[in-house]
Amino acid sequence: MVRVGLVGCGIISGMHLDAWAQVGEQARVVSVADIDPERAAAAAERSGARAVEVETLLADPEIDAVDLTLPHHLHREYTERAFAAGKHVLCQKPIAHTLDDADAMIAASQAAERTLVIAEATRYDALVPKARELVDSGAIGRPLAVQVSMNWWQGGEYLQTPWRFDVGLMGGGALVDGGIHYVDYLLHYAGLPVEISCFTRRVREAYAGEDLAFVQARHADGLLSALAISASSRHTPSYPLRVWGDEGSVIAERGRLVLRRERGEEETFELQHSGMLGPIRDFLACLATGGRPLSGGPEAWANLAYVHAAYDSAETGRVVRLDSPPTG
Ligand SMILES: NC(=O)c1ccc[n+]([C@@H]2O[C@H](COP(=O)([O-])OP(=O)(O)OC[C@H]3O[C@@H](n4cnc5c(N)ncnc54)[C@H](O)[C@@H]3O)[C@@H](O)[C@H]2O)c1
């Protein structure tokens with residue numbers, strides 16, 4: 001049984017606690033902590049864990065792993081503290097608010113010989129592997145381009161978290177926050193591009209950083225990609241992935257993947273979305289076998305590198321070239 005301590009009892013923590021409760025005897029959340037004692041108490045009540053101070057949680061020898069559901073600028077500090085205390089770390093996306101912090105977290109994981117998994121649930125969807133299988137089978141002919149778009153109206157409790165109003169603490173705007181899930185779909189499918197250009201816009205004053213981001217990229221194999229993120233549009237469908245080929249296309253929409261070919265030929269595949277259980281199960285498997293996660297430091301680093309290259313391009317008005325992500 002893996003004993004888990006969760007740090008940060010805000011919006012997303014409930015989803016984590018509920019997912020941990022579904023893994024049965026494999027793991028149990030034994031402690032929760034938050035600088036706000038009321039939040040820690042509410043999380044304790046929801047999960048049956050005890051509410052403790054963060055220092056107590058990190059120093060507890062009974063705790064094997066720490067689940068970090070904290071604001072972006074705290075990911076590095078708490079990951080390093082957890083590794084220093086000998087714990088494994090599951091940390092929410094994005095890996096960090098800066099690439100320096102992301103590098104430091106990956107290095108700390110290697111130095112401590114402890115597992116780092118970034119809880120990027122999209123990486124565990126059936127969508128990308130299924131799309132890849134269809135494309136590789138030749139179903140759409142020659143793949144030419146990939147398009148991803150995420151449209152939503154961000155409001156409510158999200159716009160009440162103070163750190164989301166500080167671009168420095170967030171590491172950007174919508175692209176690095178909700179948008180990074182769709183960056184993950186794109187990079188899981190197509191990998192990190194070699195060149196990227198981006199325009200951003202801040203439409204709503206209520207939003208810190210950009211709430212619109214349009215990114216175009218060229219990949220090493222010639223594939224072109226486009227990613228459009230909006231946190232300020234309503235009633236606009238999102239498309240986690242659309243792959244265009246010269247004989248057809250693969251389109252992911254509303255939990256389905258549709259293969260369209262000449263003469264109206266159409267085939268539909270239902271997709272499974274495991275939510276937070278995907279990363280949690282992978283995390284537990286890595287702890288049991290010493291294996292590599294699907295969403296580890298390097299994958300999350302690449303997502304952040306894409307975002308930062310897009311921000312650089314938006315700021316300078318130039319096309320930005322990307323370096324290779326670290327391995328291991
Ligand atoms: N996967 C998703 O769909 C999804 C959705 C929302 C948020 N997230 C991610 O989850 C993380 C948290 O986001 P959120 O929306 O839950 O934020 P939030 O502000 O609601 O929660 C963060 C919690 O951390 C606590 N906290 C702050 N500083 C602390 C400290 N020094 N020590 C202990 N606790 C501290 C706060 O009191 C708060 O309860 C972010 O990385 C965010 O990007 C992911």
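A nonpolar core here means a set of buried Ala, Val, Leu, Ile, Met, Phe, Trp, Tyr and Cys residues joined through C-beta atoms within 7 Å. The views below all come from a predicted model.

**View 1. The largest nonpolar core takes in 97 residues.** Val32, Ala131, Leu186, Leu241, Tyr306 and Ala310 have the most contacts inside this core. Helix H10, residues 297-316, is the top contributor, with 11 residues. Both domain 1 (2-122 + 276-294) and domain 2 (126-272 + 305-321) chip in residues, so the core sits between them.

**View 2. Val32 and its contacts from further along the sequence.** Skip the neighbours within four places in sequence, and Val32 is in contact with Leu6, Cys9, Ala40, Ala43, Ala44, Ser47, Ala49 and Ala51.

**View 3. An open sheet of 6 strands, with parallel pairing.** Read across, the order goes S3-S2-S1-S4-S5-S6. Strand S3 (50-51) and strand S6 (116-119) are the edge strands; each has a single partner strand, so one side of each has no neighbour in the sheet. Zoom in on S4 (residues 65-68) and S5 (residues 88-92) and you'll find 4 bridges between these parallel strands, with Ala65 opposite His88 in S5. Helix H4 (residues 75-84) lies across S1 (2-7), S4, S5 and S6, and runs at about 165° to S5.

**View 4. Strand S11 pairs antiparallel with S7 and with S12.** On the S7 side (residues 143-151), 5 bridges hook up with S11 (residues 239-245), and Gln147 has Arg242 as its bridge partner. With S12 (residues 248-253), S11 makes 4 bridges, and Val243 faces Val250. A hairpin of 2 residues links S11 to S12.

Terms used: Residues are numbered from 1 along each chain as its sequence is written. This is a predicted model: local features need pLDDT of at least 70, side-chain atom pairs count only at pLDDT 80 or more; totals for chains, interfaces and linings use all residues. A residue is buried if 20 or more other C-beta atoms lie within 10 Å of its own, exposed if 12 or fewer, and partly exposed in between; C-beta atoms are placed from the backbone. Domain bounds come from an automatic or database domain assignment. Two residues are in contact if their C-beta atoms, placed from the backbone, lie within 7 Å. Two strands pair if DSSP finds at least two bridges between them. Axes are lines fitted to C-alpha atoms, for helices over the stretch in contact, and angles run from 0 to 180 degrees between N-to-C directions.
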